[in-house]
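Colleague: Could you take me slowly through the part of this model where the ligand sits, and then through the parts of the chain that help me place it? I am new to reading structures, so please name each residue as you come to it.

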Amino acid sequence: MFSKDFIFGVATASYQIEGSIDKDGKCESIWDSFTKVKGNILDGSDGSKVCDSYLKYKDDVKILKELGVNSYRFSIAWTRVINEKNELNQKGLDYYINLCKELLKNNIKPLVTLYHWDMPKWLDDLGGFLNDDICDYFAHYTDIVTKGLLGLVDNYITINEPQCIMQLGHRVCAHAPGIKYTDKEMLKAIHNLLKCHGKAVSVIRRNVPNSKIGFAPCARPMCPSDREDELLEKKCYEKFFECKNDYEFPNTVSIYSDPVFLGDYPKSYYEEFKDILPNITKEDLKLISQPLDYIYQNFYTGNYYSLDKDNNLVKDEFYFGYPEGNIDWLQVVPEALYYGPKYLYERYKKPIIISENGFCNNDVVSIDGKVHDPERTDYIRRYVSELEMVSKLIPIKGYYYWSLFDNFEWNSGLKKRFGLVYVDYRDGKRIKKDSFEEIKKIFLK
Ligand code: NOJ
């Protein structure tokens, strides 16, 4: 059983659900332009309509209410709130003001993500995260949002999954803007991104009384195959925090979370990259490491590891017959919600909130008009039971399922469905899947 004040929520992000990409003065984002290039999105889709939440937010809130969540995590589109002259676009901001009012009327607390990947195209044209002024642009945007939502929102996440921003946007180039960086540029961009986070924290603290702030990286924990083996767990922990582990730079945890929570990059970072380090000053590190209230972390998957006869860590390439997600990176490893939070707490010693966890399925509407998704329910049950187990050892404060609806799954397009609610993209019809009812039984028992 989780504590009485446990946060149970669902998460979404602006580009993935809103549609209306050219309404009310919204300017172009890197995703608006990236999706126009043939071949970038698996099924050729884009975010121009998706769940239509820009127009249907009141319906969204009704569904949230029915689901029984006490919090809703969504992101703000920088491109709606700020125009190409870097000035406030009040109409765009009004959308979020109205959404928050509607949520609060229904006793649902908003958790706002400031940056969930949809950078204004004009800012990316000025160099994006390689531009040293990016932090001031981000601070200005944060100032406008936090003042505009004053009295409505006090919970903020600055940046979502910085690893994916860098790895997918600038390494693999499967995500917008799809501009490849060298290792040296990558380190500079990461440092600027962390400074954006830091500046946003200062602005939120200044503008919002009693604010609660976090940063939401992602991780794929190394889970011991044998839970009794202490040496194995210790080695998994150490590998998890290496700055270049199996998942490789820039996809690891410590490069982002050590500066934020411990005030400096890991020692191995300075050794590994000694010839290409960006300019890192004491003031930067102070800015980046201002105290946060929570560790937010997105966990979907992990890997099992064992020890060979010489006690070296080896990755096990097997899974335990759990349902398979229909997206290549999502192997079902429920222990990720036990070891992930445990490792993070051991290192950073802050209360933890799972800001995303979810399952991608090949959902279809059956002949009875319903969507039966027992695999998703199975996934949630297994993961949440691990989370419950670890909550006996460390403070776990909340869980957000990804996602409320099926939505635009970035370069994978519309065919990859994570929602508790099915969306028929032809007419916008929403159908509650079986897991919608099942998740209530888990959290509202
Ligand atoms: C992480 C991202 O934050 C979200 O945007 C994405 O849709 C889900 N994971 C599923 O891939």
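Modeller: What follows begins with the ligand and its surroundings, and then turns to the sheet and to a few unusual points in the backbone.

Please keep in mind throughout that this is a predicted model. The space that the ligand takes up is the largest pocket, and 13 residues stand around the ligand, of which Q16, H116, N160, E356 and E409 come nearest. If you sort this shell by class, you will find six nonpolar, four polar and three charged residues.

It helps to look next at individual atoms. In the side chain of E409, an N or O atom is 2.6 Å from an oxygen atom of the ligand, and for the side chain of E356 the corresponding distance to an oxygen atom of the ligand is 2.7 Å. The side chain of W402 also has an N or O atom facing this comparison, at 3.3 Å from an oxygen atom of the ligand. Taken alone, the ligand would expose 290 Å², and the protein buries 96% of that area.

W402 is worth a second look, since the peptide bond that leads from W402 to S403 is cis, with an omega near 15 degrees. S403 itself is found in the loop between β12, which covers residues 396-402, and β13, which covers residues 421-423.

Strand β12 brings us to the sheet, which is open and is formed by nine strands in the order β5-β4-β3-β2-β1-β12-β11-β8-β6, with parallel pairing. Its edge strands are β5 (212-216) and β6 (218-219), each of which pairs on one side only. In general, the strands of a sheet pair through backbone hydrogen bonds, in either a parallel or an antiparallel way. For one pairing in detail, take β1 (residues 7-11) and β2 (residues 71-75), which run parallel and are joined by three bridges; here G9 stands opposite S71 in β2.

Two further points in the backbone deserve a careful look. The peptide bond from F249 to P250 is cis, with an omega near 0 degrees, and P250 has its place in the loop between α10 (230-240) and α11 (254-262). C173, although it is not a glycine, has a positive phi of about 65 degrees, and you can find C173 in the loop between α8 (162-170) and α9 (183-207).

Technical notes: Residues numbered from 1 in each chain as written. Predicted model: local features only at pLDDT ≥ 70, side-chain atom pairs only at ≥ 80, totals over all residues. Heavy atoms only, no water. Near = heavy atom within 4 Å. Polar contact = N/O pair within 3.5 Å; in protein donor to acceptor, adjacent residues only side chain to side chain. Areas by Shrake-Rupley, 256 points an atom, 1.4 Å probe, with all protein chains shown as cover. 1 Å grid on protein atoms, 1.4 Å probe; cavity = no way out; pocket = protein on both sides within 12 Å on 5 of 7 lines; lining within 4 Å. Sits in = over half its atoms within 2 Å of the grid points. Nonpolar A, V, L, I, M, F, W, Y, C, P; charged D, E, K, R; others polar. Pairing = 2+ DSSP bridges. Helix = DSSP H or I, 4+ residues; strand = E, 2+ residues; numbered from the N terminus.
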